[in-house]
Amino acid sequence: MRLALFQPDIPQNLGATVRLCACLGVPLDVIEPCGFPLSDKALKRAAMDYGAAAELTRHDSWGAFLSAPERAAGRLVLFTTKGAQPYVDFGFQRGDTLLFGRESAGVPDEVHAAAEGRLVIPICPETRSLNVVTAAAMALGEALRQLRPRGADLR
Ligand SMILES: C[S@@+](CC[C@H](N)C(=O)[O-])C[C@H]1O[C@@H](n2cnc3c(N)ncnc32)[C@H](O)[C@@H]1O
């Protein structure tokens, strides 16, 4: 199981996602360009000391991500407010990469079309969307609940 962020806009969200992935032992793919300069210093500041514990791979573009060794196997599962399938009804698999869109605009049609699953976290109709890190934490919580036996080493 991997987690991928498509062109994140907000450094604090990237930092919180790095921490989430470090704590849960889930590798993180960052698909650039980001909406902010992603220097090693900025990353260290946003992720605090969790950067060292995280397995993070940077990809220059969507195309580079698709042809990266990390994408060689496994399904791409997009979380989107436009998804038709509730995430708790989806059967997650170990090789899945859970993909999240950018804070300002989600993902373009090309990315939407490339996903093998398009999942929604149902929310109240009068609201627009969850924070991307909140959505990622809920998604990983459900995927890991399905896949990791109780008490198993998270790595
Ligand atoms: C702030 S939201 C993006 C909002 C954007 N205006 C849109 O309509 O996609 C950032 C990302 O969090 C995830 N997300 C937020 N709320 C979600 C929900 N209810 N269901 C599924 N994914 C969600 C998606 O990956 C989304 O691209």
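Are helices H1 and H2 roughly parallel or roughly perpendicular to each other? Let's look at this predicted model one close-up at a time.

**View 1. Helix H1 packs against helix H2.** Here you can follow helix H1, residues 11-24, to where it meets helix H2, residues 40-47. The two pack at an angle of about 65°, and their axes are 7 Å apart. Angles of 65 to 115 degrees count as roughly perpendicular, so H1 and H2 are roughly perpendicular to each other. Their crossing is right-handed. On the H1 side, the contact is made by Pro-11, Leu-14, Gly-15 and Val-18, while H2 brings Leu-43, Ala-46 and Ala-47. Sorted by class, the residues of this contact are 6 nonpolar and 1 polar, with no charged ones.

**View 2. Helix H1 also packs against helix H5.** Now turn your attention to H5, the helix of residues 132-147. Its axis and that of H1 are 9 Å apart, and the packing angle is about 15°. An angle under 35 degrees counts as roughly parallel, and therefore H1 and H5 are roughly parallel to each other. This crossing, too, is right-handed. H1 takes part through Asn-13, Ala-16, Thr-17, Leu-20 and Leu-24. From H5 come Val-132, Val-133, Ala-136, Ala-137, Leu-140 and Leu-144. What classes of residue make up the contact of H1 with H5? There are 9 nonpolar and 2 polar residues, and no charged ones.

**View 3. Residues gather around the ligand.** In this close-up, 18 residues are around the ligand. Those that come nearest are Phe-79, Phe-100, Gly-101, Ile-121 and Leu-130. Look for Gly-101 again, as one of its backbone N or O atoms lies 3.0 Å from an oxygen atom of the ligand. Leu-130 also has a polar backbone atom to find, 3.0 Å from a nitrogen atom of the ligand. With Thr-81, the side chain is the part to watch: an N or O atom there is 3.4 Å from an oxygen atom of the ligand.

**View 4. Two loops hold backbone details worth spotting.** Most residues other than glycine have a negative phi, and most peptide bonds are trans. Gln-7 is not a glycine, yet its phi is positive, at about 45°. You will find Gln-7 in the loop between strand E1 (2-6) and H1. Where is Pro-33 found? Pro-33 is in the loop between strand E2 (28-31) and H2. The peptide bond that joins Glu-32 and Pro-33 is cis, with an omega of about 10°.

Note on methods:
Residues numbered from 1 in each chain as written. Predicted model: local features only at pLDDT ≥ 70, side-chain atom pairs only at ≥ 80, totals over all residues. Heavy atoms only, no water. Axes fitted to C-alpha atoms, helices over the stretch in contact; angles between N-to-C directions. Helix = DSSP H or I, 4+ residues; strand = E, 2+ residues; numbered from the N terminus. Parallel < 35°, antiparallel > 145°, perpendicular 65-115°, else oblique. Left-handed = near helix turned anticlockwise from the far one by under 90°. Contact = heavy atoms within 4.5 Å. Nonpolar A, V, L, I, M, F, W, Y, C, P; charged D, E, K, R; others polar. Near = heavy atom within 4 Å. Polar contact = N/O pair within 3.5 Å; in protein donor to acceptor, adjacent residues only side chain to side chain.
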